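Trainee: I've got this one open on my screen. Can you walk me through it, starting with the terms?

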Amino acid sequence: MKKLSPLLILLLFLSAQLSAQNKFQWARAGGGVVDNPLTGGPYKSNMFDMQTDKWGNVYMVGDIYNDIQFTGTTQTFPYYGSVDAYIAKYDKCGNFQWAIINGGISVDRNYALAIDTAGYVYVGG
């Protein structure tokens, strides 16, 4: 099996926003695959859930296997263990707002999120 090049970037998730008239507004792509030096297999980023709040902001959760840089920012977010969880927010125009990476030395994942009418975000992993 051919190893993936660390420079090879695959689109693993696509965040998109539609207007009230279902007209395309914006999209952001992210994720990637690099070689795992221990197993020879790929490291990857995953997005498991994406929701919007009543103001049109987009939130996404998933996991990372390496440091990550979200589209729209030059900041690199470190990972802390073998697999770490993340939550990220983009505004209604697709501009990066913030991200949080959480985890320890073992596997940590965020699988789902919900947003209430007051704008509070709840994450399940």
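Mentor: Sure. Buried means under 20% relative accessible area, exposed over 50%, and partly exposed in between (1.4 Å probe, protein chains only). This is a predicted model, where local features need pLDDT of at least 70 and side-chain atom pairs count only at pLDDT 80 or more, while totals for chains, interfaces and linings use all residues. Residues are numbered from 1 along each chain as its sequence is written, and side-chain values use heavy atoms, with hydrogens and water left out.

Trainee: In which strand is confidence lowest?

Mentor: Confidence here is pLDDT, the predictor's score for each residue from 0 to 100. The protein chain averages 73, and 66% of the residues score at least 70. Strands are DSSP runs of E, at least two residues, numbered from the N terminus. Confidence is highest in β9 (residues 112-115), at 94, and lowest, at a mean of 47, in strand β1 (residues 13-18).

Trainee: Which strands each supply at least two residues of the largest nonpolar core?

Mentor: A nonpolar core is a set of buried Ala, Val, Leu, Ile, Met, Phe, Trp, Tyr and Cys residues joined through side-chain atoms within 4.5 Å. The largest has twelve residues, including Val58, Phe70, Tyr86 and Ile101. Those strands are β6 (58-64), β7 (84-90) and β8 (96-102).

Trainee: Is Asn57 buried or exposed?

Mentor: Asn57 lies in the loop between β5 (46-52) and β6. Contact means heavy atoms within 4.5 Å, and beyond its neighbours within four places in sequence, Asn57 is in contact with Gln51, Thr52, Lys89, Tyr90, Asp91 and Lys92. Its relative accessible area is 12%, so Asn57 is buried.

Trainee: Which residue forms a salt bridge with Asp63?

Mentor: A salt bridge is a side-chain nitrogen of Lys or Arg within 4 Å of a carboxyl oxygen of Asp or Glu, and the structure holds one. Its partners are 46 residues apart, with Asp63 in strand β6 and the other in the loop between β8 and β9. Asp63 is buried at 0% relative accessibility, whereas its partner is partly exposed at 25%. With the closest N and O atoms 2.4 Å apart, the partner is Arg109.

Trainee: What are the relative accessibilities of Phe48 and Tyr111?

Mentor: Phe48 sits in strand β5 and Tyr111 in the loop between β8 and β9, 63 residues apart. Both count as partly exposed, Phe48 at 35% and Tyr111 at 44%.

Methods. Helix = DSSP H or I, 4+ residues; strand = E, 2+ residues; numbered from the N terminus.
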